[in-house]
Amino acid sequence: MAGHDGKIIMFIGDGMGGRDVPSLGGRTCLEAASTPALDALASDGASAMMYLANPGQPIGSDTAHMALLGYDPHKYYRGRGPFEAMGVGLDMQPGDVAFRCNFSTLDDNGIITDRRAGRPQTGTEELAAAVVDAFKDGINGVQIFFRASVEHRAALVLRGEGLSYHLTDVDPHAAGVKPSLCAPAPDCPPSEIAAAERTADVVNIFVAEAAKVLDANPVNAQRAAEGLPKANSALPRGAGEAVDIPPFATMHGGLRGAMIVEVDLVRGLGDYAKMDVIRVAGATGRRDTDEIAIAAAVVENVPKYDILLCNIKAPDLGGHDRDPEQKVQAIEKVDRAVGYLLDNIDWENTVLMVGADHCTPVVTGDHTGDAVPVVFYGYGVRRDLVHTYGERAAAAGGVGQIAGADAMTLLRNFVGRIDKFGA
Ligand code: ZN
Ligand code: ZN
C-alpha cells in the first residue's frame, strides 16, 4: 500500500440518470433540477460517464452496487432474493432459497390492480406477522420465513432439503393480469428440474394461502375503508440462493468499509461483504427521507472508516412512477445532502464520487442501460473543464468513460491507496 490514509466516499443517487423528457424541454431530470452542490463538484472536480455493466445492458441496484464495490456480478451474483432477505434481517443458510416479494393488490377475480398496493406506509409489519403465523408449520416440510421491508417490499426465505433457485417469477411485472404460477426457469439445469418443481410447488402454495390470510387481515379492512388499495397478496420474484463473496477488506487492500444506504438489497450485499451497515433514523427509503440526517451520518463516520458507500433511493422512485416533478425533487434532495458533505468534510484528505447505479428514466419507468454521469471531487482529483452535473455535461469529463467496476480503482488511486501494477 502507498503511504496515505485518504478517505473515500461513494455517494449514489439511486436511478438518478435518465433520458430527455419532453415536458422538461428535452432536458433530463438531472439537468432540469436545481443542483448547486453537484454543479460545484463538477466545477472543481472531474466528470465521467459510467456504464455499470456492458454499455446498453440495463442493470439492477444489486448487481450495480456489486460492480461499484468491485465484485464482478457475472461471477458472484446468484439472484436478488438473498440480498433482499439479508437486508431486511432474515438470516440465510447454505441451501436456502430467497425471494423479494411485493405486497400487491388483487381484485375479486384475482387480477392484479396495483403491483405495489399503493406503496403502503403502515401496516405491512402486521400483515407479515399474520403470514408468518399462518405458515409456522411450513409447507411440504419446507420452513417459511417472511418479513416486510419498506413500503410494498418484503422478503421470503425457504429452508429445507433439495431446493432450487432456478425459478420463474410469480410477480408478472404488470397489472391487469393474474399472478404467474411459479415454475422451473427456462435456464434451469436438467439436474435441478425436480428440485425446482418441488420448490415451485411450495411457492405456489405460499402465494395462494398468503393471499387468503392477507385479504382477511384487519389492516386490509382498514385500507379498504380509507379507499386505499388492499395489500392482499405477496408476490415473489428474483429467486436466488445465498451468495459466497470475499470480504470487502480482502478485495481492497484492507480498506475498512461501511455503508449508509436506503436499499435493503444493497444492505444485504454489505452484510455478505462484511462491511458495517449503519442505520440512520429518518432514512426512510422514500420520498420523505431525511437527506441531511443521512449526510450527517456520513460526516460522523468518515473518521471511523476508509470508505463509506451512501445511497439515496428517492430518484429511482420518481423514475419508476414516470413522474418528472417527483424525480426532480428527489434529485434536489441528493443535492442538499451533497451540499452538506461539501460544507462539513476535510477535502484535503477525502475524495468523493457522486453518481448513479443506473438510469431510471421517467420516459421509460424502468432501468435502462444508458451511461450515468459521475463526478469525482476532492483529494487527488485533476480538475477538468466541466461546470455542471448532468448527462450531457459529464460526457465531456476529464475521466472519460468508465465501467462500474472501475469506480473503486479510480477512487483508491486518487487517495494513493492502491498498489502499482508492475515495477
Ligand atoms: Zn438502483
Ligand atoms: Zn429501480
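A cavity, in the sense used here, is a set of grid points where a 1.4 Å probe fits but cannot get out. In this predicted model, a search of the whole structure finds 1 cavity of 30 Å³ or more, and the largest cavity has a volume of about 60 Å³. Its lining is made up of 13 residues, among which Leu52, Gln57, Ile59, Gly369 and Asp370 lie nearest the centre of the largest cavity. By residue class, the lining of the largest cavity divides into 6 nonpolar residues, 6 polar residues and 1 charged residue.

From the cavity we turn to a metal site. The zinc ion (ligand 2) is held by two OD donors of Asp316 together with the NE2 atoms of His320 and His367, at 2.0 to 2.4 Å. Along the chain, these donors of the zinc ion (ligand 2) follow the spacing D-x3-H-x46-H. Asp316 and His367 thereby link distant parts of the chain, 51 residues apart, with Asp316 in helix H12 (residues 314-320) and His367 in the loop between strand S11 (350-355) and strand S12 (372-378). Both of these residues, Asp316 and His367, are buried.

Why is the arrangement around the zinc ion (ligand 2) irregular? The 4 donor atoms subtend angles of 56 to 149° at the zinc ion (ligand 2), whereas four donors count as tetrahedral if all angles lie between 85 and 135 degrees, and as square planar if opposite donors are over 155 degrees apart and all others between 65 and 115. The arrangement is therefore irregular. As for a second metal, the zinc ion (ligand 1) and the zinc ion (ligand 2) are 4.8 Å apart.

Key. Residues numbered from 1 in each chain as written. Chains lettered and ligands numbered in written order. Predicted model: local features only at pLDDT ≥ 70, side-chain atom pairs only at ≥ 80, totals over all residues. Heavy atoms only, no water. Donors = N, O, S within 2.8 Å, 3.2 Å for Na, K, Ca; no water. Tetrahedral: all angles 85-135°; square planar, octahedral: opposite > 155°, others 65-115°. Helix = DSSP H or I, 4+ residues; strand = E, 2+ residues; numbered from the N terminus. Buried < 20%, exposed > 50% of the residue type's maximum accessible area, 1.4 Å probe, protein only. 1 Å grid on protein atoms, 1.4 Å probe; cavity = no way out; pocket = protein on both sides within 12 Å on 5 of 7 lines; lining within 4 Å. Points joined across faces, edges and corners; volume = space filled by probe spheres on them. Nonpolar A, V, L, I, M, F, W, Y, C, P; charged D, E, K, R; others polar.
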